[in-house]
Amino acid sequence: MLTNQQLNEIEELQKECEAEDLIQLKLNWSMLRNPSDEEMGHLYHYEDGRLVGFLGVYRFGNKAELCGMVKPSYRRKGIFSKLFSKVNTLIETQKFTEVLLNAPSNSHTAKGFLQNVSCNYSISEYQMQWEETKLVGDGTVTLRPSTEKDFEDEVQLDVQCFGLNEDDARKYRSQGRRADEQEYFMIEKDNKTVGKIRVSHSNGEAWIYGFAIFPEYQGKGIGRNVLANVIIKENQEGYPIFLEVEAKNAHALRLYESCGFRAYHSQDYYEYKR
């Protein structure tokens with residue numbers, strides 16, 4: 001568990017790097033603030049008593065994602081290379097099926113570093129924000145809080161909708177919930193579980209994650225109905241609303257755009273060849 005001082009140091013460093021580079025870093029703050037029991041350690045570099053380098057290592061089942069930064073005035077000193085050199089030591093005992101390096105799409109410093117790393121481009125992901133749009137939801141689709149009885153349905157939704165293998169999906173689901181500021185829901189239609197969705201509240205914002213509908217129920221308007229209901233509720237409570245979607249998921253992208261979401265930033269992921 002990170003201390004409040006460490007969290008504040010990471011946040012201040014993030015703000016400085018984003019302002020300097022005109023980027024947005026994906027540091028998975030819900031995981032930093034509420035780590036699971038199996039969370040891996042992160043890497044830090046201090047000079048003159050201040051945090052000047054950080055590399056976050058995030059576990060998603062048997063997959064790891066890495067994202068980091070260096071204070072602008074301390075760059076070109078090999079700090080990030082030193083942090084990255086420790087990654088293999090940190091993850092060599094883990095049986096990861098995949099390690100992804102995350103970089104903002106418009107970060108020239110990140111892309112320059114990645115040219116010297118053994119990695120291949122994998123996917124891009126859009127961050128989207130909702131713009132005021134008239135939406136109508138109804139009661140034909142309902143949400144209820146997820147319970148342990150929903151374990152199998154949640155695993156199968158991750159397998160069928162997000163492409164996880166079953167072992168990874170089970171391990172990820174077994175890691176437990178980050179309960180603070182997180183709401184986990186199952187989606188029901190005609191008293192049958194047809195999907196799931198998660199809403200996270202952080203820094204006065206609402207973020208939608210893990211939105212999935214079983215393939216046999218897709219194309220029936222269920223996803224749009226659920227999304228409209230969630231947006232209406234969060235908007236009435238005064239939250240700006242955000243979500244993330246992979247660029248290759250054209251169907252989801254069209255759905256979100258039709259409900260008023262607009263892309264404002266993107267992240268690129270590279271598969272690290274260890």
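Here is a short tour of a predicted model, taking in three strands, a pocket and a helix.

**Stop 1: the strands.** Select strand 1, residues 43-47, together with strand 2, residues 50-60. The two run antiparallel and are joined by five bridges. Look for L43, which sits opposite L55 of strand 2. Now go to the hairpin between these strands: two residues separate them, and D48 has a positive phi near 55°.

Stay on strand 2 and colour by burial. Of its 11 residues, 10 are buried. Next, add strand 3, which pairs with strand 2, again antiparallel, over eight bridges. To see one of those pairings, pick V57 and its bridge partner L66 in strand 3. This hairpin also has two residues between its strands, and here G61 takes the positive phi, near 65°.

**Stop 2: the second largest pocket.** Keep strand 3 (63-70) on screen and add helix 1 (4-21), helix 3 (79-85), strand 4 (98-104) and helix 5 (108-114); each gives at least two residues to the lining of the second largest pocket. Its volume is about 640 Å³. For a good centring selection, try V70, F80, T109, A110 and F113, which lie nearest the pocket centre among 30 lining residues. What is the lining made of: how many nonpolar, polar and charged residues? Colouring by type gives 18 nonpolar, eight polar and four charged.

**Stop 3: helix 8.** Jump to residues 222-236. These 15 residues span 21 Å from first C-alpha to last, close to the 21 Å expected at 1.5 Å a residue. Show side chains for the buried positions, including V226, L227, V230, I231 and E234. Finish at G238, which follows helix 8 and has a positive phi near 90°.

Technical notes: Residues are numbered from 1 along each chain as its sequence is written. This is a predicted model: local features need pLDDT of at least 70, side-chain atom pairs count only at pLDDT 80 or more; totals for chains, interfaces and linings use all residues. Side-chain values use heavy atoms; hydrogens and water are left out. On a 1 Å grid over the protein atoms alone, a cavity is a set of points where a 1.4 Å probe fits but cannot get out, and a pocket is an open set with protein on both sides within 12 Å along at least five of seven lines; lining residues have an atom within 4 Å of a point. Grid points are joined across faces, edges and corners, and a volume is the space filled by probe spheres set on the points. Helices (H or I, at least four residues) and strands (E, at least two) are DSSP runs, numbered from the N terminus. Ala, Val, Leu, Ile, Met, Phe, Trp, Tyr, Cys and Pro count as nonpolar, Asp, Glu, Lys and Arg as charged, and the others, Gly among them, as polar. The expected span of a helix is 1.5 Å times one less than its number of residues. Buried means under 20% relative accessible area, exposed over 50%, partly exposed in between (1.4 Å probe, protein chains only). Two strands pair if DSSP finds at least two bridges between them.
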